[in-house]
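Trainee: I'm new to this one and would like a close look at a single part. Could you take me through the sheet and what sits around it?

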Amino acid sequence: MQRMTDAIAHRGPDGEGVWVENACGLGHRRLAIIDLSEGGRQPMATSDGRFIITYNGELYNFHELRIELQGCRRRFVSRSDTEVLLAAFAEWGLGALNRFNGMFAFAIYDREERRLTLARDRYGVKPLYVARVGEQVFFGSEIKAILAYPGFERRLDREALVEYLTFQNFFTDRTLFKGVRLMSPGSALVFEPGREPREHVYWDYDFHEALADPLAELEEECDRLFTQAVSRQLVSDVDIGSYLSGGIDSGAISGVAARQMPGMRTFTVGFDTRSASGLELGFDERAKSEHMSYLFGTEHYEMVLKAGDMERAMGTLVRHLEEPRVGQSYPNFYAAKLASRFGKVVLAGAGGDELFGGYPWRYYRAVIADDFEHYVDQYYGFWGRLIPNSSLHKVLAPIWGDVKHVWTRDIFRDVFHRHAETLTRPEDYVNHSLYFEAKTFLHGLLVVEDKLSMAHGLESRVPFLDNDLVDFAMRLPVKAKLGNLAEMVAMDENTPGRKRAQYFEKTRDGKLLLRKVLGRYVPEEVSGGVKQGFSAPDASWFRGESIEYVRRILYDRKARIYDLLDREAVLELVDEHLDGRQNRRLLVWSLLYLEMFLGEFFSEGLG
């Protein structure tokens, strides 16, 4: 237990605790944010000693729950949300999960029933990994806690590798470590002696058009719920900062928060674009951030990333992120490093795009579908972000015999749990796309956000994932998010040039209602600006300043990835990027990451 908690000491530098009794042990590393006294220490027990908890996260409605529980004759000795969560579980059991508005991963042991319950928040903001070794169950906020157990056999999951090399993400609960699973968001696992584990799914996304109010009324309600969400997430006994990327989502969050916390600190990571070209010339948004900071009256800090910063961060990044997920995540690592110098809590803008339709060119695949299977085929093709299906067997030739049974289209289709016959209108397909992206893309972003912030002892909060705001967003009519579906325009997100700007200038589409609301808090140049993700100009850097780094790693005949991948097939794809024939920046990043990953976690063999 001590080794396991030591492995994730970075997540909680303010204290530690271990509780062991007979066959159960719970460990905890503390990041003190609410109730900084010893009353907030974990593992924590109920007053009668029956229930023991170890928990990571924040309940933003714990004050209301505390009052309700006091009415149930529950008594409290601390000011912590941990004690409230534990009392709620003791009072209502699994039914408490639907009452929680926040982010959490927790384990609660019932000493009387010898029952262990693991649970994860609705959206997957906080990760929770689980592994079984014989009759033993191990779990942790990060995989490295499980790896610290000497009896765990470290083996690469080759089937998961196929999934990653197709989607640059995991749509199942697999990880690259065989036998280690990431618990599904909105679920609980219950373990009892002599019984198989039971999974309890207590919540799932449900996008459907249920609100028929006039758009003006919906706008006012969205504004109320958005400002309420930001205010709820300002609960803390330590200072709170905010990312300020230059975009509308983080800008509006910072604007609302700054009204309640004058002089709040904001943080921006920009990029040296002197060697960038085409679309990437607009990746540095520091000027917009600085202007908003001036308007909001924040204490603003910036960091500028250059091509070599990726190489410098990779070793530490891989160690903390563990299994790779969506996108080139090293800018997030540096952003968290910057913010952590000034506090323990930061607000982030994740969720606005996925809930309110911020990627209209993606839903183009939805609105022209003939039927559900046709839709799956088109959308599956779009989400094959790394290696084309036609090349997969060549790239994976060294291990193809072990993985040829893996059908990634089936993995993709299995994300949808609804019946295909419910899809009759373009709006139905769009809502299915929103469901898919919240379950997969957003979830991947949240895992990355948590790992890279907690690597620096920093808690990242996401106001868009407030229960009331999410419930509202899911019930909005599609017309409140997207324009005329008949005029949707296709766009390849990786195409160099001004494609994204041209798309937006033509359609002015995506997040229609939310843009109006957030436009009340940010300048017009931001609310009416082109959708811009948080990404470095890697396509240019991989062909320029970083080309020698790419070649040194990927052209090395002794590279570890070539125990799994065919070198000639891989370099054929890499050369297409370096020669400027294709934009394969996502693939180049993923290959670099996998090489570092194998060296970090499988230096003694793949198992």
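Mentor: Sure, and one term comes up right away: two strands pair if DSSP finds at least two bridges between them. Keep in mind that this is a predicted model. With that in hand, look for an open sheet of 5 strands, paired in parallel and running in the order β14-β13-β12-β15-β16. At its edges stand β14 (299-305) and β16 (459-461); each has a single partner strand, so one side of each is left without a neighbour in the sheet. On average, neighbouring strands here are turned by 30 degrees against each other, if you ignore direction.

Now zoom in on the β14 edge. Its partner there is β13 (residues 265-271), and the two pair in the parallel sense over 7 bridges. If you want a spot to click on, F267 stands opposite Y301 in β14. Helix α8 (residues 286-296) packs on the sheet at this end, touching both β13 and β14. The direction of α8 makes about 175 degrees with that of β14.

While you have the model open, try a helix as well: α5 (residues 158-167) is mostly covered, with 8 of its 10 residues buried. Among the buried ones are L161, Y164 and F167. The cover over them includes α13 (372-382), α14 (389-395) and α25 (585-601), among others. Check both ends of α5 too. At the start, a side-chain oxygen of D157 comes within 3.1 Å of the backbone nitrogen of E159. Just after the helix, Q168 takes a positive phi of about 55 degrees.

Notes: Residues numbered from 1 in each chain as written. Predicted model: local features only at pLDDT ≥ 70, side-chain atom pairs only at ≥ 80, totals over all residues. Heavy atoms only, no water. Buried < 20%, exposed > 50% of the residue type's maximum accessible area, 1.4 Å probe, protein only. Helix = DSSP H or I, 4+ residues; strand = E, 2+ residues; numbered from the N terminus. Contact = heavy atoms within 4.5 Å. Polar contact = N/O pair within 3.5 Å; in protein donor to acceptor, adjacent residues only side chain to side chain. Axes fitted to C-alpha atoms, helices over the stretch in contact; angles between N-to-C directions.
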